[in-house]
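Biologist: I should like to go through this model with you, from the whole chain down to single residues. Where should we begin?

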Amino acid sequence: MVDLVLRSRRAIVAGGERPAAVSVAAGRIVAVDDYAADLAAAEEVDLGDVALLPGLVDTHVHVNEPGRTEWEGFATATRAAAAGGVTAIVDMPLNSLPPTVDAAALAVKQDAARGQIHVDVGFWGGAIPGNAGALPALHAAGVYGFKAFLADSGVPEFPPLSPGQLGDALRAVDAQFVVHAEDPDHLHAAASSPAYADFLASRPPDAEHAAVATAIAAARATGGRVHILHLSAASALPLIAEAKAEGLRVTAETCPHYLTLDAAEIPSGATEFKCCPPIRDAANADRLWAALADGLITCVVSDHSPCTPELKRRDTGDFAAAWGGIASVQLGLPVIWTAARPRGHTLSDVVSWMARRPADLVGLHRKGRIAVGADADLVAFDPEADFTVDPVRLHHRNPVTPYAGKVLTGVVRTTWLRGRTVTGDAPRGVFLTREV
């Protein structure tokens, strides 16, 4: 028996956008038919011209629970994700206490999350100095791979790897490694200042360029898989292109804030814009868009990294003292759609960048697509509706955002997780483990 049929004149299915009717049974998509097909189901919803998208997959989310739940927690992060059309996240291993650097710590995090998650949740493990021997067991426990820093992470319990230690970690386990690529030798101490330009000068493009080169060298030496996280500096793009041409297993992502925000327009003291690596200028963003369009950058993910308002130092506006991180898991889809459409990109492009390719990165082959056999994780998205970002309406724990007051195009009307509407009441998310 079919439980649900969703019809839309703008369904994003294999092959692009077309009118379609999507049938769901037992949480899976069982048929994709013509929009006007005569179908029987327990429930039917006709979205008309509201688009039907697959649920987005965000492989870069800092939930921070347990240990720093006042920054963000599983209940609030996953509710915000669902409100933004994201139906699966992969949680980063740091900022929680303990960090997810061994199998015991993964169990602690899963215990903290159990019963709270509104979308499906997977986990990255962490690679830090001295834990290479723990990585195989942590991988076997189901993490999707390992996060590593090449510069200070901002928290003492998650120190960076040296280039040699990164190579050792890649040799320890055949897994996806995701790398925060900034080189400490090219970073400078930021002066206490409310001027964004002073902070930006402390983290120049050369820091990313050098660290990307280090990560690529490690992939070359070991044959390992390396994914460059949150690429900000377009100057590193030729290195990634050369690595891919060489046949190395190297990929890269970027984030909505690097594609849509301009360093020249950040107000004095507006520390909600601080992140590492930093937001750069509009010309740099144009180059990131071009790399995204030609497939050199694989995907767009949030790097949702919230903290308390106090840690953002909004009282003083001191960029040097403020925590670096953008909270945006609820807003990524409309932020990207608002900017992508004037550039000639389609909803199919956005779905590729934010759903299918992130899912493919971590091997979630039943996520991020509307296809027979896929999980019925679906989103009703009105691509013509505008709204003004009101922090009060955000679901993450601390509604601090650089997008406050911005007019965005595209409204998430409904999110379905395995064929059932996400309401924010009873959490029905499950833990995702690596498919083997």
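Modeller: We begin with a definition: helices and strands are DSSP runs, helices of at least four residues and strands of at least two, numbered from the N terminus. With that naming, the place of Pro66 is in the loop between strand S6 (56-61) and H1. Please bear in mind that this is a predicted model.

Biologist: How many helices and strands does the protein chain have?

Modeller: Both kinds of element occur in the protein chain. The totals are eleven helices and 17 strands.

Biologist: What radius of gyration does the protein chain have, and why does it agree with a compact globule?

Modeller: The protein chain has 436 residues, and a compact globule of that length would have a radius of gyration near 22 Å. The C-alpha atoms fill a box of roughly 65 × 45 × 45 Å along the principal axes. The value for the chain agrees with the globule rule, because it is 21 Å.

Biologist: What percentage of the residues in the protein chain is buried?

Modeller: A residue counts as buried under 20% relative accessible area. The accessible surface of the chain comes to about 15,300 Å², with 52% of it belonging to carbon and sulfur atoms. Of the 436 residues, the buried share is 61%.

Biologist: Among contacts between residues at least 6 apart in sequence, what percentage joins residues at least 24 apart?

Modeller: One such pairing in sequence is Glu17 and Leu347, which lie 330 residues apart along the chain and are in contact. For the protein chain, the share of these contacts that joins residues at least 24 apart is 75%.

Biologist: How far apart are the mean positions of the positive and negative charges?

Modeller: The protein chain carries 37 positive and 50 negative charges. The separation between their mean positions is 3 Å.

Biologist: Is helix H1 largely enclosed or open, and which elements cover its buried residues?

Modeller: Helix H1 spans residues 74-83, and eight of its ten residues are buried, so the rest of the structure largely encloses it. The buried residues are Phe74, Thr76, Ala77, Thr78, Arg79, Ala80, Ala81 and Ala82. Their cover includes strand S7 (86-91), helix H2 (103-113), strand S8 (120-123) and strand S16 (407-417).

Biologist: Which residue just after H1 takes a positive phi?

Modeller: The phi in question is about 80 degrees. The residue is Gly85.

Biologist: Is Thr87 buried or exposed, and which residues is it in contact with?

Modeller: Thr87 lies in strand S7, one of the elements that cover the buried residues of H1. Thr87 is itself buried, because its relative accessible area is 1%. Leaving aside neighbours within four places in sequence, its contacts are Gly55, Leu56, Val119, Asp120, Asp377, Thr415, Trp416 and Leu417.

Biologist: Which side chain joins that of Glu17 in a polar contact?

Modeller: Glu17 is found in strand S2 (residues 16-25) and counts as partly exposed, because its relative accessibility is 37%. Beyond neighbours within four places in sequence, Glu17 is in contact with Arg10, Ala11, Ile12, Leu347 and Ser348. The polar contact is 2.8 Å, and the partner of Glu17 in it is Arg10.

Biologist: Where are the cis peptide bonds at Pro66 and Pro98?

Modeller: For Pro66, the preceding residue is Glu65, and omega is near 0 degrees. Pro98 lies in the loop between S7 and H2, and omega of its cis bond is about 0 degrees. The bonds are therefore Glu65 to Pro66 and Leu97 to Pro98.

Biologist: What values of phi do Ala26 and Arg418 take?

Modeller: Ala26 is placed in the loop between S2 and strand S3 (28-33) and is exposed, because its relative accessible area is 74%. Arg418 lies in the loop between S16 and strand S17 (420-421) and is partly exposed, with a relative accessible area of 23%. Each is a residue other than glycine with a positive phi: for Ala26 near 50 degrees, and for Arg418 near 50 degrees.

Biologist: Is Ala40 buried or exposed, and how far in space is it from Leu378?

Modeller: Ala40 is located in the loop between S3 and strand S4 (43-46). Ala40 counts as exposed, because its relative accessible area is 62%. Ala40 and Leu378 are 338 residues apart in sequence, and their C-alpha to C-alpha distance is 19 Å.

Methods
Residues numbered from 1 in each chain as written. Predicted model: local features only at pLDDT ≥ 70, side-chain atom pairs only at ≥ 80, totals over all residues. Heavy atoms only, no water. Rg over C-alpha atoms; globule rule 2.2 N^0.38 Å. Buried < 20%, exposed > 50% of the residue type's maximum accessible area, 1.4 Å probe, protein only. Contact = heavy atoms within 4.5 Å. Areas by Shrake-Rupley, 256 points an atom, 1.4 Å probe, with all protein chains shown as cover. Lys, Arg positive; Asp, Glu negative; His and termini not counted. Charge placed at Lys NZ, Arg CZ, Asp CG, Glu CD. Polar contact = N/O pair within 3.5 Å; in protein donor to acceptor, adjacent residues only side chain to side chain.
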